[in-house]
Amino acid sequence: MMVKLGRKIMVIGCPGSGKSTISKKLCDITGLPVFHLDNIWWKPDKSHISREEFDQKLDEILLTDRWIIDGDYSRTYETRFKACDTVIFLDYSTDECMSGIKERVGKARTDTPWIERELDPELVKMVENYEKNNRPVILSLLEKYSDKNRFIFKSRLEASEWMDRYPANHNPA
């Protein structure tokens with residue numbers, strides 16, 4: 001039985017897990033607009049907007065009735081959990097995520113306003129510490145907000161096989 005996708009989908013996971021790829025595929029399936037938090041937070045010169053401006057922009061998105069929000073941004077986990085009807089958690093291994101951030105070096109992407117020219121040491125540290133720092137918070141929020149549709153994937157293959165079950169133009173709930 002195919003579970004109906006919601007209209008407010010939160011995609012979270014470690015850097016390099018493929019949140020943006022999944023979000024774009026979900027957009028193709030559902031027609032819901034995608035918002036990449038990296039494109040909201042970061043400017044092309046690698047500076048960023050203020051937290052207040054970011055929070056205001058995020059709140060504006062959350063108040064709409066249809067969206068896919070891609071990004072981890074742990075400071076905003078609970079705000080997004082409260083607003084969404086569906087959570088997709090890419091709960092991949094550190095090695096798989098490390099591979100993901102290495103693969104994107106030198107590639108143009110639609111989810112960030114620049115091309116990574118080399119592996120960012122800060123990003124590497126985030127990946128290395130994700131399981132210890134972020135994962136427990138997400139698991140706790142998944143328990144707290146157990147009324148949400150939730151999909152937890154342990155590998156890219158598992159997520160891909162799940163996505164393949166949804167036809168294009170699948171109408172969200």
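**Note on helix packing and empty space**

1. α5 and α6 are roughly antiparallel to each other, because angles over 145 degrees count as such and their axes cross at roughly 160°. Those axes come within 9 Å. The crossing is right-handed. Please keep in mind that the model is predicted.

2. Which residues of α5 meet α6? They are Thr94, Cys97, Met98 and Ile101. On the α6 side, the partners are Leu123, Val124, Val127, Glu128 and Glu131. By class, this contact has six nonpolar residues, one polar and two charged.

3. α6 also packs against α7, the helix of residues 135-144. Here the axes come within 5 Å and cross at roughly 40°. That angle makes α6 oblique to α7. From α6, the contact takes Tyr130, Glu131, Lys132 and Asn133. From α7, it takes Arg135, Pro136, Val137 and Ile138. The class count is four nonpolar, one polar and three charged. Glu131 thus appears in the contact with α5 and in the contact with α7.

4. How do α1 and α8 pack, and at what angle? The angle is about 5°, with the axes 11 Å apart. That makes α1 roughly parallel to α8. Ile22, Lys25, Leu26 and Ile29 are the α1 residues in this contact. They meet Ala159, Trp162 and Met163 in α8. Six of the contact residues are nonpolar, none is polar and one is charged.

5. Now the open space. The largest pocket has a volume of about 1400 Å³. Its lining counts 46 residues. Nearest the pocket centre lie Pro15, Asp38, Arg104, Leu123 and Met126. Leu123 is also one of the α6 residues that meet α5.

6. Which elements give two or more residues to the lining of the largest pocket? They are α1 (19-30), α2 (37-41), α3 (51-62), α5 (94-103), α6 (121-133) and α8 (156-164). The largest share, six residues, comes from α1. Both helices of the α1 and α8 pair are on that list of elements. So are α5 and α6.

7. What is the class make-up of the lining of the largest pocket? Charged residues number 20. Nonpolar residues number 13, and polar residues 13. Anyone preparing this pocket for calculation has those charged side chains in the lining to consider.

8. Enclosed space is next. The count comes to one cavity of 30 Å³ or more. About 30 Å³ of space lies in the largest cavity. Its lining consists of Ile101, Arg104, Val105, Glu116, Glu118, Leu119, Asp120 and Leu123. Four of these are nonpolar, four are charged and none is polar.

9. Some residues recur across these points. Ile101 and Leu123 line the largest cavity, and both take part in the contact of α5 with α6. Arg104 and Leu123 line the largest cavity and are also among the residues nearest the centre of the largest pocket.

Conventions
Residues numbered from 1 in each chain as written. Predicted model: local features only at pLDDT ≥ 70, side-chain atom pairs only at ≥ 80, totals over all residues. Heavy atoms only, no water. 1 Å grid on protein atoms, 1.4 Å probe; cavity = no way out; pocket = protein on both sides within 12 Å on 5 of 7 lines; lining within 4 Å. Points joined across faces, edges and corners; volume = space filled by probe spheres on them. Helix = DSSP H or I, 4+ residues; strand = E, 2+ residues; numbered from the N terminus. Nonpolar A, V, L, I, M, F, W, Y, C, P; charged D, E, K, R; others polar. Axes fitted to C-alpha atoms, helices over the stretch in contact; angles between N-to-C directions. Parallel < 35°, antiparallel > 145°, perpendicular 65-115°, else oblique. Left-handed = near helix turned anticlockwise from the far one by under 90°. Contact = heavy atoms within 4.5 Å.
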